[in-house]
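Subject: A structure for you to explore

Hello,

Here is the structure I promised to pass on. Please open it beside this email, and then read on for what turned up in it.

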Amino acid sequence: MTDAHHKPRFRPGLWLTVFSVLLFAALIALGFWQLQRLAWKEALIADLQARQSADALIGLPDTAALTPALEFRRISVTGRFATQPEFRFPGRSHQGVQGLHIALPFLLPDGRAIIVNRGWVPQSQALPDDRTFSLPTDTIRIEGIVRRDGWTGSSQFRPDNDAAGNNWFYYDTRAMAANVKEAPLVQGFYLVAVRSSGSERDLPIPVGVEVALTNNHLVYAITWFTLALGLVVIYFLRGIRPKEPDDAKDNGKS
């Protein structure tokens with residue numbers, strides 16, 4: 001009977017209860033928000049993958065029709081590569097070998113030009129004179145993936161392109177246009193070559209495009225829900241208090 005009188009009681013207090021309820025509601029809301037973001041990201045990835053696997057469009061659409069909805073679409077175009085200028089993107093590797101990506105303006109029959117990432121070459125063949133065999137001058141058909149230009153990472157980590165030294169770290173077609181003299185350059189978009197017709201050439205090696213969007217929203221949702229559960233546990237542990245001796249004596253007298 002004495003043990004029963006000394007059993008702890010649940011008295012969390014008003015302010016602890018108010019704080020816990022508000023924080024619990026916020027954590028649950030954040031968890032469901034991340035689930036909504038998860039559904040959005042999965043739908044976006046599925047859409048981009050569907051664009052990439054769809055049949056190639058024939059010909060580059062008019063400039064006015066070049067919208068973000070075309071990104072990751074396959075496009076087949078006919079034209080010829082300009083021999084100059086060749087834009088170099090250093091610090092790229094292929095199967096563990098250091099090298100660079102090279103890009104050239106591709107001259108279209110309608111008088112426009114679009115930048116095409118032709119692929120990867122080793123550092124030993126960085127200069128055009130080192131690989132004259134890989135410089136097509138005839139009319140060919142190429143197939144490429146549409147990409148939007150610009151830096152895709154955090155702005156605080158964005159390096160500066162070195163246009164004077166021809167070292168580019170991200171595509172900036174507006175800046176590149178100043179060096180393209182043969183035709184007006186399509187701005188805002190470029191192509192990543194995946195296949196070309198003509199004689200077989202080992203270089204450049206097409207780099208391909210993968211839809212690799214970060215999708216950690218499920219982990220984030222689980223984190224918020226786990227924190228909410230932890231808050232409930234802490235709330236009940238903090239709210240349990242031992243029975244005061246005076247209360248036990250009063251109960252014994254009664």
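The accessible surface of the protein comes to about 15,100 Å², and carbon and sulfur atoms hold 57% of that. Of the 254 residues, 37% are buried. Please keep in mind that this is a predicted model. Its pLDDT averages 84, and 89% of the residues score at least 70. Confidence is lowest in helix H5 (residues 245-253), with a mean of 53, and highest in helix H3 (residues 173-176), at 93.

Now for the overall layout. The protein has 5 helices and 9 strands, and along the sequence they follow the pattern α-β-α-β-β-β-β-β-β-α-β-α-β-α. Among contacts with a separation of 6 or more, 67% are between residues 24 or more positions apart.

Two helices are good places to begin. Helix H2 (residues 14-53) has 40 residues and reaches 59 Å from its first C-alpha to its last, close to the 58 Å expected at 1.5 Å a residue. Its buried residues include Leu27, Gly31, Gln34, Leu38, Lys41, Ile45 and Leu48. As you look at that list, remember that an α-helix has 3.6 residues a turn, so residues three or four places apart point the same way. What covers the buried residues of H2? The cover includes strand S3, strand S7 (140-148) and helix H4.

Helix H4 (residues 217-239) has 23 residues and spans 33 Å from first C-alpha to last, close to the 33 Å expected at 1.5 Å a residue. Buried in H4 are His217, Ala221, Ala228, Leu231, Tyr235 and Gly239.

Next, have a look at the aromatic rings. How many aromatic pairs are there? The count comes to 7 aromatic pairs. One of them joins phenylalanine 32 and phenylalanine 225, which are edge-to-face, 5.3 Å centre to centre with 75° between the planes. Because phenylalanine 32 lies in H2 and phenylalanine 225 in H4, this pair ties together parts that are 193 residues apart in sequence. Phenylalanine 32 is partly exposed at 47% relative accessibility, and phenylalanine 225 is partly exposed too, with a relative accessible area of 27%.

A second pair to find is phenylalanine 81 with phenylalanine 106. Their ring centres are 4.9 Å apart and their planes meet at 70°, so this pair is edge-to-face. Phenylalanine 81 belongs to strand S3 (residues 74-81) and phenylalanine 106 to strand S5 (residues 97-107), so the pair links parts 25 residues apart in sequence. Are these two rings buried or exposed? Both phenylalanine 81 and phenylalanine 106 are buried. Phenylalanine 81 has another partner: the charged end of arginine 118 sits over its ring, 5.0 Å from the centre. Elsewhere, Phe89, Tyr171 and Tyr190 form one aromatic cluster.

Finally, try leucine 213, in the loop between strand S8 (189-196) and H4. Leucine 213 counts as partly exposed, because its relative accessibility is 36% and the partly exposed class lies between 20% and 50%. Which residues does leucine 213 touch? Leaving out residues up to four places away in sequence, leucine 213 touches Lys41, Leu44, Ile45 and Leu48. Lys41, Ile45 and Leu48 are among the buried residues of H2. The C-alpha atoms of leucine 213 and glutamate 42 are separated by 9.5 Å, with their positions 171 residues apart along the chain.

Enjoy exploring!

Notes:
Residues are numbered from 1 along each chain as its sequence is written. This is a predicted model: local features need pLDDT of at least 70, side-chain atom pairs count only at pLDDT 80 or more; totals for chains, interfaces and linings use all residues. Side-chain values use heavy atoms; hydrogens and water are left out. Helices (H or I, at least four residues) and strands (E, at least two) are DSSP runs, numbered from the N terminus. The expected span of a helix is 1.5 Å times one less than its number of residues. Buried means under 20% relative accessible area, exposed over 50%, partly exposed in between (1.4 Å probe, protein chains only). Contact means heavy atoms within 4.5 Å. Accessible areas come from the Shrake-Rupley method with a 1.4 Å probe; for residues, only the protein chains shown count as cover. Rings of Phe, Tyr and Trp (its six-membered ring) pair if their centres lie within 6.5 Å; planes under 30 degrees apart count as stacked, over 60 as edge-to-face and the rest as tilted. A charge sits over a ring if NZ of Lys or CZ of Arg is within 6 Å of the ring centre and within 35 degrees of the ring normal. pLDDT is the predictor's confidence in each residue, from 0 to 100.
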